[in-house]
Each structure stands twice: as C-alpha cells, then as structure tokens.
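Student: I've got the model open and I'd like to know what the labels people put on it rest on. Can we go through a few of them?

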Amino acid sequence: MLPGLAAAAAAHRCSWSSLCRLRLRCRAAARGSSERQEWQNLVRLGSFSNMIPCGHSYFCTLSQVKLYSTNVQKEGQESETLRVEKVPSFGEAAENIGEELKAPLIKQDPLQVRVKAVLKKREYGPKYTQNNFITGVRAINEFCLKASDLEQLRKIRQRSPHEDTESFTVYLRSDVEAKSLEVWGSREALAREKKLRKEAEIEYRERLFRNQKILKEYRDFLGNTKPRSRLSSVFLKGPGKVVMVAICINGLNCFFKFLAWIYTGSASMFSEAIHSLSDTCNQGLLALGISKSVQTPDPTHPYGFSNMRYIASLISGVGIFMMGAGLSWYHGIMGLLNPQPMESLLWAYCILAGSLVSEGATLLVAVNELRRSARAKGMSFYKYVIQSRDPSTNVILLEDTAAVLGVTIAATCMGLTSVTGNPLYDSLGSLGVGTLLGVVSAFLIYTNTEALLGRSIQPDQVQRLTELLENDPSVRAIHDVKATDLGLGKVRFKAEVDFDGRVVTRSYLEKQDIDQMLQEIQEVKTPEELETFMLKHGENIIDTLGAEVDRLEKELKKRNPEVRHVDLEIL
C-alpha cells in the first residue's frame, strides 16, 4: 500500500507543478495577447514607432489552450477531477504567430489620388508689348512706315474712346515692329531714319513760325479782312460786354479826375483819380483773361484756359491793393503831415457828380448781368457773388460799388474842407478811399484763390450726379466722388464705380448665340481648350465693361450739360 501512496503523492506533486506552470503560461499568454492587440492598433493608426517588445520570446493566445481531464480515485474517498491544460510547445507557438503575422491585419480599400490640373504661370517680364494695340498714325510716325505698308497687316476693329466715332482700326504692335524691321532691315537703320525725320520736323516748325510771322506783318500792313471771330463776339455779350463798358467809362473818369486834381490839388481827388486809373488797368487785365479763357484746348492745356478769368481777377485784386489802396494811403498820410491849402472845388464837385452817374450806370449793368447768371444757375444773387462764379463780372461789381462809395466819401470830405477850411478832412477822405479799396482787393484775392485751388460744386448737384449713377442696374456703389468747378460753367466729375459683374456678364450673354456657346463648352476637354475658351470670352466681357463706362459717361453729360469731363474709375 505504501508504494501506491507514494505513487499517488508523486502524481499529485506532478499535477500541482504542472498546474503552476500552466498558470504562469496563461498569464504570459494574456500579456502577449494585450501587447499584440496594442501593436495592431498602432499599425491601424499608421504609427510604427512602438514595436513589439523584444523581452518576450513567444506569445500564446487563449484560443490555443485546450483542456483535458483525468480522474484520480482513492479507496473510501470521493473521486477528484483534475483539469490539465495542454500548452503548445515553443516551436508550435512561434509557427502559429508567424502565420498570423503574415496575414493582413486590416483590410484596406485601394488608395485613390486626385491630381489638380493647374495651368503653367506665364512670366511676362518687366516690359511686355506683344499684345499692345497702336493706331495707324502712331505706326506711321513712330516706325517710319507708309500707309501702303499697313494694308498688309492684320486689322482689328476697336471700340473708340472718342465721342464722335463709334469704332476705329488698330494694329498689333508686334506686327508693326516686324513690318518696320522688314522695311528698314535693322533696328539701327530704323533709329537713323527716326533721327532724320526728327530733324526735318524741327526745321519744318521753324519755317512755319517764320511764315506765320511774315503773314502777320502782311495782314497788319494791308489790313485783316477775316470775318468777325469768336474772340471778338465774346466782348459783345455777357461778362465781356460788362468789362468793355467799364473800361470806357473808367477811362473817361480817370482823365477828368486827374484834370480836377491838377486844378484843385485835393488829396481826395487824387485818390479818386488813382482809383479810376487802377480800375481801368485792372479791367484791361480782365479783358485779357476773358480773351484767353475762350481759346481752344491744346495738348499742353487739355482742359482749356477757363481759369484765366480767375487768374486775371486775382492779379486785378493785387493791383487794386498795391496801386489804388497803397497810393491813396500814401497821399492821405502826406496830406496829414504836410497840409496844403486847396483852390476852388467847383470843378471837382462837377467831375465827382459826373463820375457818380457813370459809375452808377456801370454798376447797374454789372448787377443785371449777375442777376441773370445767378437765375440761370438756380442760385441767389448774394450766394452767386460770394462764391465768385463769374469772376470778371464780380470784379466790375465790387470795383464800381467801391467807386460809388469812394465818390461819396471824397465829396463829403471835400465839402467839410470847403466849409471849415481845414485840409485835414480831405486827407482823411483819401485814407477812407484807400481803406475801401484795400477791403475790396482782399475779398477779390480770397475768392479767386479759393476758385483756383479747385472748388467743389454745390452739394445738391453732387447728389444728383451720384444718384444718376447709383440708379443704374450695372452699378453697385459709388465711392470717392469729386466734382470740381473748372470755371465758365464747366464741371469735371470723377468717381470710383463698383460695377456688378453679373449684370455686365448678363449684358454680354444677351448679345451672344447661346447654342453656339454651349457647343463650345461641350467641346472643352483639356486645360488648354478651357484656357482658349476663357480668354476669348473674358476679353469680350472686358470690352462690354468698357462700353458700360462709356454709356454712363454719355448719360451724365447728356442730363447735365455743365459736366464736360467725366472720369469713372473701375473699383
């Protein structure tokens, strides 16, 4: 029996040790399974930075463990069941793991890559003139070609920037350059020809100047039989008429006042004589300014010479201050320092009375002209004068007003002198006339300087022009509006316009054959064909935008005749 017990004990120890080893292997298998699951997660996420730890020699999974049972029965005791797990050997475990690693861990769809088609960017360089258009006149003058040479080149009809023509013919600059090289052989030969033509042009201008001078001398000798020009008609109406009447009347007044001053020696009469002389000279300047202001614009002065009226009025104001006010103050101060007795003032009173009547008549002519002009502009008389809308007539108005007041001051001071016998009153009259002329000159200098600096038109006029643009369907917004008075009732209007691209494009599409355009779209298969299609219609849309700008400019000028120059900038 002892041998049997010993064998049973030995079997029990063997089973216990096997069970311990089995538990250790199961724990190792569990750790291996969790590490393998972590490794699979890393592979699924695309990271291979954490690899399998090298400290484990093999891995077992719970699915590889199979359980077996054996019965050990003692006499007089209940039967006891022992569960023994069969664990694969190291070689088998390694072989099973290798097969599993060879199998794909994650079933992935094939990778799809979408390539974006991009056109190659073109480098044009700092100077690119291949696509430039030039007119036939420029081609003949700048490239020394003939009209027959241009007949062989491609002709392009372009929208005209001028109001009097709808379209005109232009040529590609590259074609003109190639034709000039074909005609002249080389760029050096072309440069020599340009130099020769430049010298010939200078010589032609010198001959033209000499011929004009000779023609002028001939006309002066035989008399000019030309019909009445526009320049002469300017002085028969409006401000020109007022200025000519003032020149004649003030010239006569100046002559008679100097005679009275020589006869009486009165300081007040001297001031009035100087006053009339300065008025006559200043009105001569105004006549010169009016004659220059109606000249036709030239390349040197593209906006004309209308500001010459303001310049002449400004010089007139300075002349009144220096000649009229300065000499009057000087003579009055000298009379206060060295009073001189005066002769009979009867002739002086008569001349002053005649001067008062004549100056009053000139003042009435100026007032009527200003009232008519203010009524035409829809402004009040006072506002029209203050803003110096008609500088020439304004000068006549202020000078004649000062003349009437000056005659009154001079007559009053001379009367006090004749009654009291004190010549100081006459000197004070001279100072009063000088002060009056100084005030008038200061006003003229200020108003004309403001006009020359670029004065805006009335706010209600600006609002009316802006609303006209904003009510157009192709315009989204108007920014940076500037409306400047150029003088002579001329206005320059400038604004930045935000156009609605959809309306402009729809305007272009309304003029196109939609079926043909759809067919062109269906034929587009490559980026190059798409580029050709977009370049063709893109250029036409830009031309449509330019036509919209021209239409708006014509509409502004039509509804507002005073607007002569319109600059609409595309925002």
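Tutor: Sure. Start with "buried": a residue gets that word when its relative accessible area is under 20%. This is a predicted model, and in its chain of 571 residues, buried ones make up 33%.

Student: Why is lysine 194 called partly exposed?

Tutor: Its relative accessible area is 38%. Buried means under 20% and exposed means over 50%, so lysine 194, with its 38%, goes in between as partly exposed. You'll find lysine 194 in helix H6, residues 187-222.

Student: What makes the link from lysine 194 to glutamate 142 a polar contact?

Tutor: The side chain of lysine 194 reaches the backbone oxygen of glutamate 142 at 3.0 Å. The cut-off for such a pair of N or O atoms is 3.5 Å, so 3.0 Å falls within it. Leaving out residues up to four places away in sequence, lysine 194 touches Glu142 and Cys144. As for phenylalanine 143, it is 51 residues from lysine 194 in sequence, and 7.8 Å from it C-alpha to C-alpha.

Student: How do you know that S3 and S5 pair?

Tutor: Count bridges: pairing takes at least two. S3 and strand S5 (residues 167-172) have 3, in the antiparallel sense, so they count as paired. Within that pairing, threonine 135 stands opposite valine 170 in S5.

Student: And what makes S3 and S4 edge strands?

Tutor: The open sheet runs S3-S5-S4, with antiparallel pairing. Strand S3 (133-135) and strand S4 (156-159) each have a single partner strand, so one side of each lacks a neighbour in the sheet. On average, neighbouring strands here are turned by 55° against each other, direction ignored. Helix H5 (residues 173-184) packs on the sheet, touching S3 and S5.

Student: Why is the set with Val243 and Leu286 called a nonpolar core?

Tutor: The name requires buried residues of the nonpolar kinds, joined through side-chain atoms within 4.5 Å. Val243 and Leu286 belong to such a set, the largest, with 28 residues; they are among the members that touch the most others, as are Ile396 and Leu437. Several helices each supply at least two residues, including helix H8 (238-264) and helix H14 (424-452). H13 gives the most, with 6 residues.

Student: Which residues does isoleucine 396 touch, not counting those up to four places away in sequence?

Tutor: Val242, Val243, Ala246, Gln283, Leu286, Thr362 and Ala366.

Terms used. Residues numbered from 1 in each chain as written. Predicted model: local features only at pLDDT ≥ 70, side-chain atom pairs only at ≥ 80, totals over all residues. Heavy atoms only, no water. Buried < 20%, exposed > 50% of the residue type's maximum accessible area, 1.4 Å probe, protein only. Helix = DSSP H or I, 4+ residues; strand = E, 2+ residues; numbered from the N terminus. Contact = heavy atoms within 4.5 Å. Polar contact = N/O pair within 3.5 Å; in protein donor to acceptor, adjacent residues only side chain to side chain. Axes fitted to C-alpha atoms, helices over the stretch in contact; angles between N-to-C directions.
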